[in-house]
Amino acid sequence: MARSNRSSEEKRREKEQRRAEAQRQAYAFMQGRNGTDELSTVTMWVALAVAIIDFFAHTGVLALVALALMAWSVYRSFSRNIAARARERQTFLNVTRMPRQAIKLARLSAQNREKRYFLCKQCGTILSVPRGKGKIRVTCPNCRTKVVKKS
Ligand SMILES: [Zn+2]
């Protein structure tokens, strides 16, 4: 009994060690590589969406597009040229800033009915005023732009 307990304990420890080793190897492999970022994640989702469309539409071309997008996403994650990947990521974030802010704004508005949310015209920061207080003067905490907003 004691012996079988010990061997199951040994097995457990061995399994743990194998897992730790696999984790260490994965970490060593990703060392000095870009890893996943917002752009590679979105690329993967778009690829998946395109693949699903092709699944129903049978275009064939879209399947290739999906494959190419997946390959690009994986390539970016494993790339060692981190500076170039960071530039791509920044371009992506800049280009998608307004739609991302609009989505955030819509989500905040839906969550909190007591406030009116809007974007600073100068810098795009999300600002808010309590609803139903008439005209309120707001100073953007980010760029100090003043705006009079009807609440
Ligand atoms: Zn601002």
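**Close-up views of a predicted chain**

**View 1. Val138 and its surroundings.** Val138 counts as partly exposed because 16 C-beta neighbours lie inside 10 Å (20 or more other C-beta atoms within 10 Å would make a residue buried, 12 or fewer exposed, and partly exposed is in between, with C-beta atoms placed from the backbone). This is a predicted model, where local features need pLDDT of at least 70 and side-chain atom pairs count only at pLDDT 80 or more, while totals for chains, interfaces and linings use all residues. Residues are numbered from 1 along each chain as its sequence is written.

**View 2. Strand β3 and the partners of Val138.** Here you can find Val138 within strand β3, residues 135-139 (strands are DSSP runs of E, at least two residues, and helices are runs of H or I, at least four, numbered from the N terminus). Leaving aside residues up to four places away in sequence, Val138 touches Leu127, Val129, Val147 and Lys149 (contact means C-beta atoms, placed from the backbone, within 7 Å). Tyr27, by contrast, is 111 residues from Val138 along the chain, and their C-alpha atoms are 47 Å apart.

**View 3. The two domains.** Domain 1 covers 32-95 and domain 2 covers 97-150, with bounds from an automatic or database domain assignment. Taken over C-alpha atoms, their centres are separated by 32 Å.

**View 4. The whole chain, for orientation.** Five helices and four strands make up the chain's elements, in the order α-α-α-α-α-β-β-β-β along the sequence. The C-alpha atoms fill a box of roughly 80 × 50 × 35 Å along the principal axes. Of the 151 residues, 8% are buried.

How values were computed: Contact = placed C-beta atoms within 7 Å.
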